[in-house]
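Got your viewer open and a hand on the mouse? Follow along stop by stop, selecting each group as it comes up.

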Amino acid sequence: MSSILFSVLAIYIFIVIGFVAKMSFKEKIDDKTITLLNVYFLQVFLTFWGLLIRPVDVTLLFAPSIYLFITLLALLIVALFAKKLFQDQKEYSIATVAAIIGNTGNLGIPLNIAIFGEESIPYTTVINLMNVFIVYTVGVYYYSRGNFDVKTSLTNIIKLPILWAAMVAIVLSVYGYKPSDEIMKTLMMGAYASIVMQLVLFGIYLYGTKISEISKTLTLWVMGVKFLFLPAVAFVVLSFITLDSMIKGIIFIEILVPLAIANVNFASLYECKPKIVTALVFISSLLFLGIIFIGVKLLSYL
């Protein structure tokens, strides 16, 4: 259990760095510039590195397919009820999509290694890639809808370079392209820079965020969806599927992880109340420190 707790706490170092940096230098640090640099440039490196680190294996696609089914099923139900609860378009967007986008990469991958060992890496990698697809389609659409109409929101999805990078990387992998060690080292440098920058950006937005100013209804809704509704849907779906218990457990843990920092990226990029989204990510991250141990106990029942 100590290794699980350490995996969660280790990534918080960079969040603290971002918080302290913003507290020290205030307006000298431009968070929007960091967001643009990360989303439009560094995450392209992360995409290529993640997809080319090992050949695309069709047998691994079952796990992310189940993850996608659970996520979309939950999204449809959440979107339907959230429409009745939240009249403000931005709050509706946050209520619909924030909990759906989990931290499957920065936290999910090391956490599953701590629980299941290195055998989990192939599965967590492809599930994380599926989550990236959800983030850059559904996530971009809803956060963009906070300020733009449907047509513009769909255009915003197409404009993001990471989707094009993912398609190119998949084609290269399918046709057997193997990057040299030098190329992979370069991609890895960019990938880790992107991950660290996301964590630092989270800390920057966390500074000055007042949790008390957030709507209690929105907070309870998002936390309820994240830690009660989504896990319940995942548990029921996985119970009816014949699958290796380790793979079931990996999918369940990836569903359970707290809100992804990518939520902050897009809330900032499309001006959809980034301070509120930052606070929600922070609250979910704190709650997760206790909830993960309940989640691990539930694995034996899958």
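Start by selecting Lys273 and Asp88. These two form a salt bridge, and their closest N and O atoms are 3.5 Å apart. The partners come from distant parts of the chain, 185 residues apart: Lys273 sits in the loop between helix H13 (262–269) and H14, while Asp88 sits in the loop between H4 and helix H5 (89–97). Keep in mind as you click around that this is a predicted model. If you wonder what brings such pairs together, side chains of opposite charge can pair when their charged atoms come close.

Now add Glu91 to your selection. Lys273 makes a salt bridge with Glu91 too, with the closest N and O atoms 3.8 Å apart. Glu91 belongs to helix H5 and Lys273 to the loop between H13 and H14, so this pair ties together parts that are 182 residues apart in sequence. Put the pieces together and you have a network of salt bridges linking Asp88, Glu91 and Lys273.

Turn on the surface for these residues. Which of them are buried, and which partly exposed? Lys273 is partly exposed, at 26% relative accessible area. Asp88 is partly exposed as well, at 34%. Glu91 has a relative accessible area of 18%, and because buried means under 20%, Glu91 counts as buried.

Stay in that loop for a moment and look at the backbone. Most residues other than glycine have a negative phi. Lys273 has a phi near 50°, a positive value in a residue other than glycine. Now click Glu271, which lies in the loop between H13 and H14. Its phi is near 55°, again a positive value in a residue that isn't glycine.

How many salt bridges are there in the count? The count comes to three. To see another one, select Asp31 and Lys22, whose side chains meet in a salt bridge at 3.7 Å, N to O. Check how covered they are: Asp31 is buried, with a relative accessible area of 19%, and Lys22 is buried too, at 7%.

Next stop: helices. Show helix H14 (residues 274–298) together with helix H12 (residues 245–256) as ribbons. Their axes are 11 Å apart, and the two pack at an angle of about 160°. How do they run relative to each other, roughly parallel or roughly antiparallel? An angle over 145 degrees counts as roughly antiparallel, and therefore that is the label for H12 and H14. Look at how one passes the other, and you'll find a right-handed crossing.

Keep H14 on screen, and swap H12 for helix H10 (residues 181–206). The axes of H10 and H14 come within 9 Å and cross at roughly 110°. Angles from 65 to 115 degrees count as roughly perpendicular, so H10 and H14 are roughly perpendicular to each other. Here H10 passes H14 in a left-handed crossing.

Time for the surface. Select Phe69, Leu73, Leu76, Ile77, Leu80 and Phe81, and color them all in one shade. Together they make a nonpolar surface patch of about 590 Å². Zoom in on Phe81, found in helix H4 (residues 62–85). With 44% relative accessibility, Phe81 counts as partly exposed.

Two distance checks will round off the tour. For the first, go to Ile170 in helix H9 (residues 161–174). Ile170 is partly exposed, with a relative accessible area of 39%. Draw a line from its C-alpha to that of Phe48: the two residues are 122 apart in sequence, and in space their C-alpha atoms are 8.7 Å apart.

For the second, find Pro55 in the loop between helix H3 (31–52) and H4. Is Pro55 buried or exposed? The relative accessible area of Pro55 is 55%, and the cut-off for exposed is over 50%, so Pro55 is exposed. Draw a line from its C-alpha to the C-alpha of Val233: these residues are 178 apart along the chain, and the atoms are separated by 31 Å.

Notes:
Residues are numbered from 1 along each chain as its sequence is written. This is a predicted model: local features need pLDDT of at least 70, side-chain atom pairs count only at pLDDT 80 or more; totals for chains, interfaces and linings use all residues. Side-chain values use heavy atoms; hydrogens and water are left out. Patches are made of residues with over 30% relative accessible area and no salt bridge: like charges are joined within 9 Å, nonpolar side chains (Val, Leu, Ile, Met, Phe, Trp, Tyr) within 5 Å. Accessible areas come from the Shrake-Rupley method with a 1.4 Å probe; for residues, only the protein chains shown count as cover. A salt bridge is a side-chain nitrogen of Lys or Arg within 4 Å of a carboxyl oxygen of Asp or Glu. Helices (H or I, at least four residues) and strands (E, at least two) are DSSP runs, numbered from the N terminus. Buried means under 20% relative accessible area, exposed over 50%, partly exposed in between (1.4 Å probe, protein chains only). Axes are lines fitted to C-alpha atoms, for helices over the stretch in contact, and angles run from 0 to 180 degrees between N-to-C directions. Angles under 35 degrees count as roughly parallel, over 145 as roughly antiparallel, 65 to 115 as roughly perpendicular and the rest as oblique. A crossing is left-handed if the near helix is turned anticlockwise from the far one by less than a right angle, and right-handed if clockwise.
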